[in-house]
Amino acid sequence: MAAGGKSFLADAGYGEQELDANSALMELDKGLRSGKLGEQCEAVVRFPRLFQKYPFPILINSAFLKLADVFRVGNNFLRLCVLKVTQQSEKHLEKILNVDEFVKRVFSVIHSNDPVARAITLRMLGSMASIIPERKNAHHSIRQSLDSHDNVEVEAAIFAAANFSAQSKDFAAGICNKISEMIQGLATPVDLKLKLIPILQHMHHDASLASSSRQLLQQLVTSYPSTKMVIVTLHTFTLLAASSLVDIPKQVQLLLQYLKNDPRKAVKRLAIQDLKLLANKMPHTWSRENIQALCESALHTPYDSLKLGMLSVLSTLSGTIAIKQYFSSAPGAAATTARSFDLVKLAQECCYHNNRGIAAHGVRILTNISASCQEKDLLPLEQDAVFGLESLLVLCSQDDSPGAQATLKITLTCMVKLVKCRPHLSQSVVESLLTQLHSAQDAARILMCHCLAAIAMQLPVLADGMLGDLMELYKVIGQSTTDKKQELLVSLATVIFVSSQKALSSEIKTVIKQQLENASNGWTAYRIARQASRMGNHDMARELYQSLLTQVASEHFYFWLNSLKEFSHAEQCLTGLQEDNYSSALSCIAEALKSYHKGIASLTAASTPLNPLSFQCGFVKLRIDLLQAFSQLICTCNSLKTSPPPAIATTIAMTSGNDLQRCGRISNQMKLSMEEFRNLAVRYGDLYQSSFDADSATLRNVELQQQSCLLISHAIEALILDPESANFQEYSSNGAAHVESEYERRMMSVFNHVLEEVESLNRKYAPVPLSFQRYFFQKLQSTSIKLALSPSPRNPAEPIAVQNNQQLALKVEGVVQHGSKPGLFRKIQSVCLNVSSVLQSKSGQDYKIPIDNMTNEMEQRVEPHNDYFSTQFLLNFVILGTHNITVESSVIDSNGIVWKTGPKTTIFVKSLEDPYSQQVRLQQQQGQPPSQQQQQRTAYSRF
């Protein structure tokens with residue numbers, strides 16, 4: 001249980017303090033200076049770990065200069081180790097500050113008499129091409145080494161030439177002719193030509209260079225028809241077209257031509273592989289004729305392996321805009337029908353193929369056509385797709401092999417997609433899945449349960465009648481002893497929770513608990529409880545959390561489970577709310593709040609320095625405040641009955657000019673309630689903005705909570721507090737006393753009516769139990785920013801001294817750190833840095849200063865490169881005293897949305913009076929005029 005739990009709640013890990021950056025670098029430096037080769041090598045290969053841990057330029061610059069020294073004076077094996085470290089740490093190269101010095105030390109080895117040393121140096125230069133793309137001495141050395149008689153050196157020069165061509169337009173233009181001569185030269189061996197040709201894929205910096213490279217490759221394809229040459233040339237051709245973009249349609253035609261006419265299977269396979277690459281990169285450039293030609297080749301080929309490849313390309317295209325272009329109306333209707341017939345015929349023919357992969361691509365094409373094309377003549381394909389999917393389901397669910405499982409995943413994905421686009425097919429698809437569940441292998445059952453849960457989340461099609469089948473299967477699985485048993489129990493329980501939209505019956509709960517007792521695995525029980533919390537079955541979740549409390553090995557885990565138990569109990573209390581019974585509603589909310597307060601105390605105890613559980617705490621605190629706001633609103637609505645307006649309410653209203661005062665104190669209470677809900681909405685918005693790593697379902701849930709608060713606040717304002725909403729009838733021109741009483745009567749009736757509306761709105765929202773979303777339990781994406789400010793004091797409490805007539809240049813550097821799945825939900829486009837300063841204490845004379853000089857407020861946006869960013873701010877500190885500088889970072893994702901991720905860093909600056917001004921002030925105090933020489937020594941005299 002403890003081992004599994006670390007994915008969401010890590011222990012504080014109080015152990016030995018790790019070395020700081022300088023100490024770690026000194027340790028490695030000691031190893032580099034050792035006389036033993038083994039210790040030197042060990043020190044070198046530990047540098048990538050150091051860069052990963054301390055990824056800031058000041059350390060990386062020092063480390064790379066030390067490595068360059070080792071490269072300069074060491075033997076070839078040490079040089080090879082340094083080369084490998086450089087290649088592993090490529091994204092840190094741009095943080096080297098003394099690039100010239102680093103290159104100078106490395107480049108000195110190029111003049112060695114040892115060709116191996118020269119070869120390693122060339123590879124080193126090639127690995128550094130991103131930071132020295134225009135170094136002419138490196139360009140010259142690569143050209144020279146291409147003419148070497150040593151094969152190792154020539155191969156290294158080819159590697160370096162490819163890297164520099166990718167980075168430098170000048171080098172690519174200059175080397176292109178030399179590469180061309182070498183490839184066409186008779187003296188160049190064939191194996192060397194095969195290595196030289198791929199350099200041409202980087203000749204895409206301008207149109208003329210790309211065009212000349214393309215002509216050369218065209219000549220090579222026709223001049224050297226051997227299999228290896230054709231394969232390498234065609235692949236380089238494709239990569240060049242994919243980079244230069246303009247030649248993709250020509251390249252597709254060329255590859256289709258080779259696929260159709262070349263008899264060699266190796267060439268056909270390469271053509272299919274490259275067509276797949278172009279289909280993924282630029283599907284909109286494929287014409288109807290291209291897809292038609294591919295269909296014809298697939299229909300006529302006798303080889304299953306080639307047919308599988310072609311269908312793979314077609315299935316990729318069928319999920320893009322290309323399929324709509326293919327089926328769009330053409331000038332000749334007959335031609336369109338023939339074209340569509342070919343693709344459909346191919347897909348229908350392949351649906352029942354004895355090769356599983358071919359069949360999977362066949363049904364995928366049919367599914368994509370059914371999902372994206374709404375034409376009436378294509379509607380019958382829905383049934384073909386369903387029949388094909390059902391046959392594949394039967395075939396793959398009986399097989400435990402990895403190939404069958406991969407095909408089953410494709411099949412189930414297609415089922416979910418088809419049901420989403422064609423809801424009327426859901427019943428038959430779900431029935432076929434439930435039928436197969438009984439006879440399927442365990443690995444297949446898990447995948448099928450995931451599919452059922454996905455369908456049921458989109459469309460609640462799992463009727464109560466189907467629950468019986470699921471419960472029978474749950475009993476059977478609980479008695480089995482297979483290795484997939486634990487995973488299967490969780491997957492099947494999830495389907496049961498999703499399918500029973502209302503509360504679970506006592507029979508279902510009993511069956512699940514019995515099987516879990518037999519399984520005796522705490523981690524499985526926790527995962528099922530977690531799924532119950534996510535699906536809103538809080539009663540079941542509470543019982544499971546309660547049973548797990550005594551099975552954990554750490555007090556942090558105990559408090560975590562205890563808090564989940566209390567939260568589940570609180571939400572379970574809310575399910576007992578009745579719309580018409582106010583007293584029971586208040587008591588239910590009070591009971592829920594009691595449990596929530598216990599839970600938040602446990603949740604705070606469960607947090608650790610490494611896992612502060614900030615989202616969980618923030619979410620629960622908002623839920624507590626929301627329930628309190630609902631409780632207060634119910635009491636306020638009832639207070640009109642218990643505390644009607646006083647007799648002098650009319651006089652107060654006329655005196656104040658506010659007609660709402662006629663209703664007594666309830667109008668002020670309603671205003672307070674409206675403001676409370678509005679503040680809650682703002683806080684939910686802040687929580688949303690701080691949850692950059694949350695999955696989309698969690699964010700939707702937070703947004704819904706925010707919208708419910710806004711809705712109620714708007715309802716209170718529109719119905720009660722906004723005078724324009726009370727459109728009363730024109731009163732008669734009778735006596736004043738009659739008018740006043742009639743007005744009051746009508747106003748009170750309107751007020752009571754809208755009060756009932758607010759009460760009913762409150763009753764509808766308050767009892768909705770909350771579902772705890774995935775991000776509450778699991779963090780699938782992890783992104784954090786680490787900032788470093790310079791200048792920075794040795795001691796954080798010490799201020800940095802700055803003279804008040806000077807500006808402080810504050811450099812802000814940052815590193816973006818990722819977890820195991822970077823960019824899973826959203827990626828960082830740029831980082832927004834906000835710098836502000838506040839005067840904390842004044843030490844100079846108290847005289848008036850313009851407001852502009854009191855504070856600094858600046859903002860800059862920087863785009864991280866290789867997860868590193870850097871920028872500078874110029875700050876003024878005219879007022880003498882201590883200033884507090886705060887640097888706060890937020891991130892902007894690829895959609896332009898700002899996320900307040902933090903962190904926030906603070907430093908102190910002490911603004912001191914400059915010596916000259918101080919001297920002048922002292923002289924003035926003593927009554928002495930400043931000398932002529934001193935008058936000239938101002939800060940601007942030198943300009």
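Where in the structure is the place of Leu613? Leu613 sits in the loop between α32 (582-606) and α33 (614-642). Good morning, everyone. Before I go on, please keep in mind that this is a predicted model.

Let me start with backbone geometry. Most residues other than glycine have a negative phi, and most peptide bonds are trans. Leu613 is not a glycine, and still its phi is positive, about 55 degrees. Is Leu613 buried or exposed? Leu613 has a relative accessible area of 5%, so it counts as buried, the cut-off being under 20%.

Now please scroll back along the chain to Leu245. Here is another residue other than glycine with a positive phi, this time near 70 degrees. You will find Leu245 in the loop between α14 (227-244) and α15 (248-261). Its surroundings can be put in one number: Leu245 has a relative accessible area of 41%, and is partly exposed.

Staying with the backbone, let's turn to peptide bonds. Ser790 and Pro791 are joined by a cis peptide bond, with omega about 5 degrees. Pro791 belongs to the loop between β1 (783-790) and β2 (800-803). And which bond near Pro903 is cis? That is the peptide bond from Gly902 to Pro903, where omega is near 5 degrees. Pro903 is found in the loop between β8 (898-899) and β9 (904-912).

On to charges. Side chains of opposite charge can pair when their charged atoms come close. How many salt bridges does a search of the whole structure find? The search finds 27, and I'd like to walk you through a few.

Asp29 pairs with Arg33, and the closest N and O atoms are 3.1 Å apart. The partners sit in unlike settings: Asp29 is buried, at 10% relative accessible area, whereas Arg33 is exposed, at 65% relative accessibility.

Next, have a look at Asp100 and Arg135, whose side chains meet in a salt bridge at 2.5 Å, N to O. This pair links distant parts of the chain, 35 residues apart: Asp100 is in helix α7 (residues 99-107), and Arg135 is in the loop between α8 (115-127) and α9 (136-146). Asp100 counts as exposed at 53% relative accessibility, while Arg135 is partly exposed with 24% relative accessible area.

A third pair is Glu571 with Arg623, a salt bridge at 3.0 Å, N to O. Here too, distant parts of the chain are linked: Glu571 is in helix α31 (residues 555-574) and Arg623 in helix α33, 52 residues apart. Both Glu571 and Arg623 are buried. There is also a network, in which salt bridges that share partners join Lys509, Lys513, Asp539, Arg542 and Glu543.

I've kept Arg79 for last. You can spot Arg79 in helix α6 (residues 76-88). Arg79 is buried, yet it has no salt bridge. Why not? The nearest side chain of opposite charge, Asp114, is 5.3 Å away, and a salt bridge needs the nitrogen within 4 Å of a carboxyl oxygen, so Asp114 does not qualify as a partner. What does the side chain of Arg79 reach? It reaches the backbone oxygen of Arg72, at 3.4 Å. Leaving aside residues up to four places away in sequence, Arg79 touches Phe71, Arg72, Gly74, Val109, Ala117 and Ile120. So Arg72 appears in both descriptions, as the owner of that backbone oxygen and as one of the residues touched.

Thanks for listening, and I'm happy to take questions.

Technical notes
Residues numbered from 1 in each chain as written. Predicted model: local features only at pLDDT ≥ 70, side-chain atom pairs only at ≥ 80, totals over all residues. Heavy atoms only, no water. Helix = DSSP H or I, 4+ residues; strand = E, 2+ residues; numbered from the N terminus. Buried < 20%, exposed > 50% of the residue type's maximum accessible area, 1.4 Å probe, protein only. Lys, Arg positive; Asp, Glu negative; His and termini not counted. Polar contact = N/O pair within 3.5 Å; in protein donor to acceptor, adjacent residues only side chain to side chain. Contact = heavy atoms within 4.5 Å.
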